[in-house]
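Reader: Could you walk me through the aromatic packing here, ring by ring? I'd like a close look at just that part.

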Amino acid sequence: MPVRFRILGSGSAGNAALLQTDDTRVLVDAGFSARRLDEMLATAGESLARIDAILLTHEHGDHAAGLSGLAKHPHIRVFANQATAQAVQRSLKHRANWQVFETGATFRFRDLEVGTFAVPHDAQDPVGFTVSHGHDGDLFAPRRTLAWLTDLGHAPAHVHERARGADVLVVEANYCPRLLEADTKRPWSVKQRINGRHGHLSNDAARDLLTAVATPRLRHVFFAHLSRDCNSPDSVAAACAPTLQALGCAYTIVPPGEGSAAIEL
Ligand SMILES: [Zn+2]
Ligand SMILES: [Zn+2]
């Protein structure tokens, strides 16, 4: 089996995704209760007991809430930078199995190579990831790379560089500017936070990012972290589908609260 990837759940109520290879099972973020994560993993034929590690982007609850329920699973390594680990550890009753990396570092975990890079978001030291498996020229396990880009207010040049060359891209499409503007639930200050330089990506910003980083390698794009009130799959499609069709690239728009089918990288 090469690498299999699926989003377990996405949006402001929680984010988590599963990467599986023959040797390794890794979660990217764990923003649901441990019990809920276990249920989600069961639908993928997995369980928390079989998860080897979690790659943690930042400390916000919709990404890290599951950590508090992992006392029963001390074997799960939690990869995070120092600032994120400290912010999460403060709220835990047990000591998580932290594996601290320097933001910007690339490290190996079993058969995966993980690249880390800073993203602009209102957290301690938020990061995006690239996860690679296999080797160029290897017929049975050709090199494949997934880039994970959620929770960022904008995409600076170094983020473009890290996402370029990915085979699969997970990108945040958090809000439609018109729906955010029209939203009556959120006070002005919250709207400013969301669309600020350290908030979240709009559908248009996601499209511009795709246009900037797409190469002929790019095969599949997941649009994730959609706002329930200020976005819709139709709005994402209206903003981004023509660009992806022009690129000849498949895509999945993950509705808020839901997960995705599995794909092979
Ligand atoms: Zn966040
Ligand atoms: Zn988030």
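Author: Trp-148 is buried, with a relative accessible area of just 3% (buried is under 20%, exposed over 50%, partly exposed in between, using a 1.4 Å probe and protein chains only). Keep in mind that this is a predicted model, where local features need pLDDT of at least 70 and side-chain atom pairs pLDDT 80 or more, while totals for chains, interfaces and linings use all residues. Residues count from 1 along each chain as written, chains are lettered from A and ligands numbered from 1 in written order, and side-chain values use heavy atoms, without hydrogens or water.

Searching the whole structure turns up 7 aromatic pairs (Phe, Tyr or Trp rings, the six-membered one for Trp, with centres within 6.5 Å). In one of them, Trp-148 meets Phe-5: the ring centres sit 6.5 Å apart and the planes cross at 75°, so this pair is edge-to-face (planes over 60 degrees apart). Phe-5 belongs to strand β1 (residues 4-9) and Trp-148 to strand β10, so the contact ties together parts 143 residues apart in sequence (strands are DSSP runs of E, at least two residues, numbered from the N terminus). Phe-5 is buried as well, at 0%.

Phe-223 and Tyr-251 also pair edge-to-face, 6.3 Å between centres and 75° between planes. Phe-223 lies in strand β12 (220-224) and Tyr-251 in strand β13 (250-253), so parts 28 residues apart get tied together. Phe-223 is buried at 1%, whereas Tyr-251 is partly exposed at 31%.

Finally, there's a cluster: ring pairs link Phe-79, Phe-101, Phe-107, Phe-109 and Phe-129.

Definitions and conventions
Rings of Phe, Tyr and Trp (its six-membered ring) pair if their centres lie within 6.5 Å; planes under 30 degrees apart count as stacked, over 60 as edge-to-face and the rest as tilted. Helices (H or I, at least four residues) and strands (E, at least two) are DSSP runs, numbered from the N terminus.
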